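Here's a quick walk through how two chains meet and what open space they leave. Have a look at the model first, then read on.

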Amino acid sequence: MSEDSTQPKETLFSVKNRKLLTNPLGPENPINVQVLGICSVLAITVQLQTSLVMAISVVAVMGFANVIISLLRKGIPPRIRIIVQLTVIASLVILVDQLLKAFVYDISRQLSVFVGLIITNCIIMGRLEAFALHNKPWPSFLDGIGNAAGYGWVLLAVGFFRELFGSGTLMGYQAIPGFMYDIGYENNGFMILPPMALITVGIIIWVQRYKDRRLIDIS
Amino acid sequence: MEELVSIFVRSIFIDNMVFAYFLGMCSYLAVSRTVNTSVGLGFAVIFVLGITVPINYLLENFILGRGALVWLAPRFAEVDLSFLTFIMFIAIIAAMVQLVEMIIEKFSPTLYSSLGIFLPLIAVNCAILGGSLFMQERNFANIAEAASFGLGSGVGWFLAIVGIAAIREKIRYSNVPPPLRGLGITFIITGLMGIAFMSFMGIEL
């Protein structure tokens with residue numbers, strides 16, 4: 001590689017590379033800050049388990065898509081890059097879909113169309129456009145994993161609250177002890193309904209922006 | 001005919017793309033700052049959904065589904081291409097968006113200039129792919145039903161984005177807590193609108 005000889009060799013986990021991985025978790029979170037990929041966060045977070053499977057699928061698709069596009073970046077003509085990106089993402093999503101169907105069929109049924117919708121998840125397209133097209137495979141891989149993880153934790157947080165308060169369980173196991181129900185505690189059936197996902201995300205954003213004032217929308 | 005109207009109304013109000021399935025949220029949040037732009041994007045979505053859903057219906061029933069290739073030769077009865085669904089649907093959508101863009105540019109420059117920037121965006125709007133995937137899941141009986149589902153979903157999305165844009169224009173004059181401004185309050189309002197739309201649930205048509 002000619003590029004490597006001109007600049008000092010970077011270690012695999014240099015500060016810059018670690019930033020790529022950790023920034024998306026907080027100050028550059030794809031969901032709370034960049035507003036990308038909202039659709040699936042809301043639709044499949046009724047239970048923690050589906051959220052977890054979805055998060056893992058997105059991490060896988062995104063890591064690989066970033067690497068593939070980054071490897072191909074010099075060969076892709078700019079005019080048709082969107083089609084190329086969509087093809088790469090769609091092929092990876094087909095793989096994930098087939099794997100889910102083969103190994104966790106029940107969850108795959110619950111996720112229904114949302115596995116397919118990973119293709120149009122704008123985080124993936126957004127990162128391919130903004131990062132992988134201009135960077136080497138390894139940083140692109142870290143960027144992909146980082147952003148997918150940033151997406152994943154919001155997904156898990158929303159899933160956690162919705163399942164805990166909505167059905168009193170976590171990962172399908174009873175989490176709220178039985179005596180609570182005896183003294184009159186009741187599951188909040190409202191949390192299972194779709195609109196509460198929006199409100200939960202709204203509150204997460206509220207808390208995050210309260211902690212980190214730089215993120216506040218001034219407009 | 002009754003069936004078609006029923007599907008149409010159902011997909012607007014009961015199975016609303018935004019409030020029941022959260023599809024197309026990215027552009028819904030990004031382009032809902034003013035009513036004018038959101039009307040433009042809303043029309044573009046109605047248009048593209050109304051075209052791509054019936055086309056993908058044909059694709060599903062004559063090429064991709066199990067045994068769908070029988071019309072070509074009886075020996076294809078066992079062929080099942082459904083694993084190609086995603087890639088074919090997204091290709092059709094991207095191609096149709098491009099085609100629609102060219103047709104509009106040719107025949108109605110005014111509409112083109114008002115929709116202009118939104119059309120390319122639509123290819124990656126998940127409401128469009130979602131519409132096709134839901135169509136596949138629901139096994140509509142014929143192409144007319146699929147078309148009315150597509151149009152209805154588009155109209156539902158249109159109503160949602162115009163509604164939120166109108167509210168966001170007004171809320172600029174309200175005293176929202178600073179950390180909640182912009183994105184946060186938009187999410188919460190969408191949630192409240194979703195609760196309102198849920199009152200349509202359970203209506204039998």
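A polar contact here is a pair of N or O atoms within 3.5 Å, where one must be able to donate a hydrogen and the other to accept it, and residues adjacent in sequence count only if both atoms are side-chain atoms. Keep in mind that this is a predicted model. With that rule, zero residue pairs in polar contact turn up across the interface of chain A and chain B, with both residues required to be at pLDDT 80 or more. The salt-bridge rule finds zero across that interface too.

So what do the two chains bring to the contact? Chain A puts in 44 residues and chain B puts in 39 residues. The size of an interface is often given as the accessible area lost when the parts come together. For chain A and chain B that comes to about 3,500 Å² buried between them, with 83% of it on carbon and sulfur atoms.

On the chain A side, the elements that give two or more residues to the surface touching chain B are helix 3 (38–43), helix 5, helix 7, helix 8 (122–130) and helix 11 (194–211). Helix 11 of chain A gives the most, with eleven residues. Sorted by class, the chain A side has 30 nonpolar, ten polar and four charged residues.

Now for the open space. The second largest pocket holds about 590 Å³. Of its 23 lining residues, the closest to the centre are A:Asp97, A:Lys101, A:Arg109, B:Gln136 and B:Glu137. Which helices build the lining? Helix 5 (81–103), helix 6 (105–111) and helix 7 (113–116) of chain A, together with helix 5 (85–107) and helix 8 (126–138) of chain B, each supply at least two residues. Helix 5 of chain A gives the most, at four residues.

There's also an enclosed space: the structure holds one cavity of 30 Å³ or more. From chain A, its lining takes A:Cys39, A:Ser40, A:Met54, A:Phe114, A:Leu117, A:Ile118, A:Thr120 and A:Asn121, and from chain B it takes B:Cys126.

Here are the pocket and the cavity, row by row:

| Space | Volume | Nonpolar lining residues | Polar lining residues | Charged lining residues |
|---|---|---|---|---|
| Second largest pocket | about 590 Å³ | seven residues | nine residues | seven residues |
| Largest cavity | about 50 Å³ | six residues | three residues | no residues |

Technical notes
Residues numbered from 1 in each chain as written. Chains lettered and ligands numbered in written order. Predicted model: local features only at pLDDT ≥ 70, side-chain atom pairs only at ≥ 80, totals over all residues. Heavy atoms only, no water. 1 Å grid on protein atoms, 1.4 Å probe; cavity = no way out; pocket = protein on both sides within 12 Å on 5 of 7 lines; lining within 4 Å. Points joined across faces, edges and corners; volume = space filled by probe spheres on them. Nonpolar A, V, L, I, M, F, W, Y, C, P; charged D, E, K, R; others polar. Contact = heavy atoms within 4.5 Å. Buried area = accessible area lost by both parts, 1.4 Å probe. Salt bridge = Lys/Arg side-chain N within 4 Å of Asp/Glu carboxyl O.
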